[in-house]
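Okay, thanks everyone, I'll keep this short. Let me put the structure up, and then we'll walk through a few strands together.

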Amino acid sequence: MSGVVPDVRAKDTILATTDASQLKGETGMVERPRARWLPFSPWHFLLMPVAIIMLVPLVWVVVTSLETLAQTQHFPPILWPGSFQWNNYPRAWSSVPFGRWFVNTTIVTSVVVASNLVFCALAAYGFARIRFFGKNVAYFFLLATLLIPIQVVIIPTFLIVKQMHLINTLGALIVPNLANVFGIFLLTQFFRTLPIELEEAARIDGASRLKVLFRIVLPLSLPALATLAVIQFLWTWNDFLWPLVTIYKESAFTLQLGLQSFQGSHVNDTNLLMAGNVMSMMPMLILFIAAQRYFVRGIATQGLKG
Amino acid sequence: MTDVVFENVTKVFPGPMVAVDDLSLEVGDGEFLILVGPSGCGKSTALRMVAGLEKISSGKIVVGGEVINDIPPKDRDIAMVFQNYALYPHMTVEKNLGFALRQRKTPKDELEQKVHSMSELLGLEELMKRRPGQLSGGQRQRVAMGRALVREPRVFLLDEPLSNLDAKLRVQMRAELKKLHQRLGITTIYVTHDQVEAMTLGDRIAVLSAGRLQQLGPPQDVYDHPANVFVAGFIGSPPMNLLRGSASGGLVEAGDLTFPRDGVGDGDVIVGIRPEGLRPVGPDDPGPGFEVHVGVVEPLGDEVLVHGTVAARDAGVRIEPEEATLLAEMSDRAAITVRLEPDLRPKEGTGLHLRVDPATVHLFDAASGAAI
């Protein structure tokens, strides 16, 4: 059998053309021609004021972090301090164990994100592809737990964590969050959209179920995994209530708990608090900018598939 | 020695829906068997049971003397090409070809050598670093076959592998497939609903309908001697003309057509005439024949197809999508298709006298549909 490779493309939709970008829920909407008289869409007239409104608190945080304490207490608020107090940042960093809290938060967030990627993927693959008794009922009940607010389960969870002697350790923040239902749901829905023939081909080619998951399914699910990682990172990094309940030893504080110490009953170092806030926001901002494409698309996918 | 034996294999899907019904057939070592039938007839399900992708409800499948019912797909040493190829989109052609060998922990040198020789065999050397998305339909097809063949499987399964290609490429790939099989000699089961693939590729064809085996034999035998009215209507393109008739005293009658046939008991019959079994003659020709009212003329270059009607009752055999059902059609005219030499162009709306060679006419029992 030889040689001349015909340069004819099959017109039918062929599975093999599906690259990762096509696999993850693009809307397939047709772009409309833009109005000619503007260099941008008229929608921007609506979106720009909304964006400004959304940005005001963020700008205010940054401005306040560069003011003196007296300026922060001035009324009406000073929106342009004139001279910037850059040393608020080193002061905020050194007046409390900021570095320690930063490391704590990083450890908790990294472990929780990594474990969620692994455990949610395993569970989701089971729900998406493996036939077992009671699957649909189990999935339904799992999803139903999404409706229960954290305040309802916080006491039983606390008691379990206490039984495990994890109070005042980072384990208290990690163990209850090793996997979450939202992640299982997100990945299950995504896995279901992958062409099953790819997995069947891999199984015939000699791959076990686990290998199919790790060699075929997960590499094709990078957009969904990135979405889950970003969402989980945001949740864990910003979590305040659960650390507040389980951690009261300063050395085990996370950033969000630690920032409280600038806000005592007698002293209120608003400028240092805001400097701390800006510093604690930085990793999230960097992550969000880097993964924005996946994050937005992931949310859009949810909207379509959920 | 790798033969594949289906022993009373049945597959019932929840519903319940019987996809494959008591299928028994044997595929010899190195044989190229075609499973053919209309969509939903269970041919793909039969193939997937051999691959291990569907559980067998009852019966057993024996490959090379070993019952494989409970062996997981990865341990069956069977390769399959899917209709949509199922190439791994995130891997290069080279990685796709070597995937199965890597799963089997093949030593690196051997793996590279096998992938290289397969790429040479299929003319893929230039494409090794590309991903499936960057290949044309025909190239993808080759990669899919290469991926399946590179590990030298005991049995090679193909599920409508050419259906995603355009007509020209399909002809080319069909010939290449046949050559490849002759060269490698692997036991092959090929699923298709395409008439031409069924007739040209296989050593034998198995015609399925509603999960049941209708006929098994060499393609020409099946074409020349269809076992029942379903096979007669399904194999052949355009299909056999089927008319309702009756036999009485050694004479068969269907509308205007009357001809003698020995050994046929009295009663209702279905008369089957291939489109090429009709020859235009003058109106005074004394032999058995009838007049066709010409509806549509399709000149195809090497032949002319004439679609029209004759004064007879249509047998009402419906092939798709379900099993052939015999319907009592009360219309006094039946549709008919005639294949003529390319220089003959009857005018639409006119009458065309046709002679029938009684020896080429097939007769089927009107009640059971079985060939007489």
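So, start at Val269 of chain B: its bridge partner in β23(B) is Asp365(B). Keep in mind that this is a predicted model. That bridge belongs to a pairing between β14(B) and strand β23 of chain B, residues 362-365, which runs antiparallel over four bridges.

Now, what else does β14(B) pair with? Strand β11 of chain B, residues 241-248, also in the antiparallel sense, this time over seven bridges. If you want a spot to click on there, Ala247(B) has Gly267(B) as its bridge partner in β14(B).

And is β14(B) enclosed or not? Well, β14 of chain B covers residues 267-273, and five of those seven residues are buried, so the strand is largely enclosed by the rest of the structure.

Okay, over to another sheet. Here four strands of chain B make an open, antiparallel sheet, in the order β2-β1-β4-β5. The edges are β2 (17-27) and β5 (66-67) of chain B; each has a single partner strand, so one side of each has no neighbour in the sheet. For β5(B), the pairing with strand β4 of chain B, residues 58-63, is antiparallel over two bridges. One of the residue pairs to look at is Val63(B), whose bridge partner in β5(B) is Glu66(B).

Zooming out, chain B has eight helices and 23 strands. Its C-alpha atoms fill a box of roughly 80 × 45 × 35 Å along the principal axes. Of its 372 residues, 45% count as buried. And for contacts in chain B between residues at least 6 apart in sequence, 68% join residues at least 24 apart.

Conventions. Residues numbered from 1 in each chain as written. Chains lettered and ligands numbered in written order. Predicted model: local features only at pLDDT ≥ 70, side-chain atom pairs only at ≥ 80, totals over all residues. Buried ≥ 20, exposed ≤ 12 C-beta atoms within 10 Å, placed from the backbone. Pairing = 2+ DSSP bridges. Contact = placed C-beta atoms within 7 Å.
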